[in-house]
Amino acid sequence: MKKLIFSLALIAALIGCTRQMPEQPSIGEIKLNLPSVPFDYSSVNTIQGKIPVLYEDGSIINNKKATIGRVLFYDKALSFNNSTACASCHLQEKGFSDVVQFSAGFEGLPTKRNSMPISNLYMNRKAGYFWDTRESKIESMVFAPIQDHIEMGFSQIDLITEKIGNLKYYQQLFKDAYGDEEITTDRMRESMGQFLFSIVNVNSKFDKGIATGFSNFNIAETNGMELFVELECDKCHFLHEDFSLDGSKREKLANIGLEAENRDKGKDGLYRIPDLRNITKTGPYMHDGRFKTLNEVINHYGFGVQNNTHLSDELKNRPPAHNFDSYTGGKKNDILAFLRTLEDENSLTDPKFSSPFAK
Ligand code: HEC
Ligand code: HEC
């Protein structure tokens with residue numbers, strides 16, 4: 001009896017201390033649905049013709065590397081217990097954001113912030129990644145969710161490459177893209193980065209407006225755009241000289257969201273200015289997902305902005321004509337009409353950004 005109790009205790013202790021690596025998905029069951037000629041990630045059609053899609057360093061996206069990135073993005077094997085893929089919290093049809101305030105990680109625990117949309121990373125690359133801009137390079141950023149103890153829980157990098165390296169369907173893909181089958185963290189980082197950078201939205205009504213002097217806008221949309229400038233939304237959600245929405249000017253980011261290490265610099269509580277493309281699809285809104293609808297966001301700017309020591313100058317001491325109190329129903333609807341012109345369905349529906357895993 002003593003022996004039995006001892007061995008039970010031992011088993012319990014073993015279960016408690018060692019976190020067994022869960023079984024790998026069986027290769028025979030997994031089928032990838034990839035085109036024989038890779039999709040084109042390297043260029044995009046716009047109203048002004050075909051333009052190249054650029055990686056962080058300014059080079060043109062490589063179709064074969066982006067293809068690997070697509071598979072990785074949708075692969076649950078990247079999480080410790082095969083439960084969670086990047087795509088679990090970044091849904092294509094929602095502008096690659098999530099529909100809930102906080103997403104569920106690999107063990108069901110909630111993330112600390114609202115999942116961010118993925119869009120036009122090249123345009124926004126200088127702002128820094130994540131709500132607090134804590135990562136400045138995409139290739140260092142992409143492993144953060146995999147290693148995060150809430151998101152995917154794979155703390156040891158060498159275990160990930162070993163696991164991915166054992167999955168047969170990757171070997172040919174890496175050979176095609178890199179010349180041999182070797183799967184390294186650097187190659188994984190690069191191919192994931194290439195896929196993320198290939199997700200571009202440059203075909204919204206707003207983008208077409210840039211090319212046509214906004215002759216495609218109706219009255220509400222035109223009024224809304226004028227209000228956006230009049231109310232100085234564009235001081236932060238930057239409308240470029242060429243009128244592209246661009247968060248890349250770091251110095252413009254008065255409210256860079258800041259991690260603990262920056263706390264003593266008095267910037268705690270400030271967050272990155274999000275890109276507003278496909279904003280109609282990417283709710284809940286704000287870093288903490290506190291607003292469910294765009295209406296609530298607009299009301300917040302109209303009446304709800306609370307003064308505090310971190311509030312940026314653009315939002316306080318506003319001249320009366322620019323005060324958000326000037327919002328009325330009609331004006332709110334105009335702003336909403338303008339925000340809707342930022343929708344670009346292409347990346348939300350294009351199969352090249354969808355799951356390659358056959359159901
Ligand atoms: C459990 C949910 C979850 C998973 C899984 C997840 N993410 Fe995220 N993602 C988030 C959240 C939440 C944020 C915002 C985090 C922050 O700001 O601290 C985010 C932010 C990002 C951003 C920043 C976008 C920007 O503009 O700065 C990128 C890119 C991204 N994730 C890519 C990925 C990739 C690639 C994977 C898979 C390796 C992944 N995510 C897995 C929830 C998730
Ligand atoms: C002082 C800079 C600043 C000004 C001015 C400003 N915004 Fe923002 N905006 C931000 C920041 C920063 C966030 C993210 C805040 C957070 O996550 O808590 C944001 C978030 C948003 C969001 C939600 C984005 C998302 O993905 O969750 C919308 C929509 C928005 N702003 C629209 C507007 C409109 C419309 C105006 C003008 C009435 C405006 N903003 C004025 C900085 C600004």
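Which residues are the closest to ligand 1, and how many surround it? In this predicted model, ligand 1 sits among 28 residues, and the closest are Cys86, Cys89, His90, Phe130 and Trp131. Sorted by class, that shell comes out as 17 nonpolar, seven polar and four charged residues. As for where the shell comes from, helix 3, helix 6 (143-147) and helix 9 (185-198) each chip in with at least two residues.

His90 turns up again at the metal. The iron atom of ligand 1 has just a single protein donor, namely NE2 of His90, at 2.1 Å. In the chain, His90 belongs to the loop that runs between helix 3 (86-89) and helix 4 (121-124). The His90 side chain also places a polar atom 2.9 Å from a nitrogen atom of ligand 1.

Two other side chains make polar contacts with the ligand. Arg134 has a side-chain N or O atom 3.0 Å from an oxygen atom of ligand 1. For Glu151, a polar side-chain atom is found 3.5 Å from a nitrogen atom of ligand 1.

That leaves the cysteines. Cys89, one of the closest residues to ligand 1, has a relative accessible area of 13%, so this residue counts as buried. Cys233 is buried too, because its relative accessibility is 15%, under the 20% cut-off. As for disulfides, the structure has zero of them.

Note on methods: Residues numbered from 1 in each chain as written. Chains lettered and ligands numbered in written order. Predicted model: local features only at pLDDT ≥ 70, side-chain atom pairs only at ≥ 80, totals over all residues. Heavy atoms only, no water. Disulfide = S-S within 2.5 Å. Buried < 20%, exposed > 50% of the residue type's maximum accessible area, 1.4 Å probe, protein only. Donors = N, O, S within 2.8 Å, 3.2 Å for Na, K, Ca; no water. Helix = DSSP H or I, 4+ residues; strand = E, 2+ residues; numbered from the N terminus. Near = heavy atom within 4 Å. Polar contact = N/O pair within 3.5 Å; in protein donor to acceptor, adjacent residues only side chain to side chain. Nonpolar A, V, L, I, M, F, W, Y, C, P; charged D, E, K, R; others polar.
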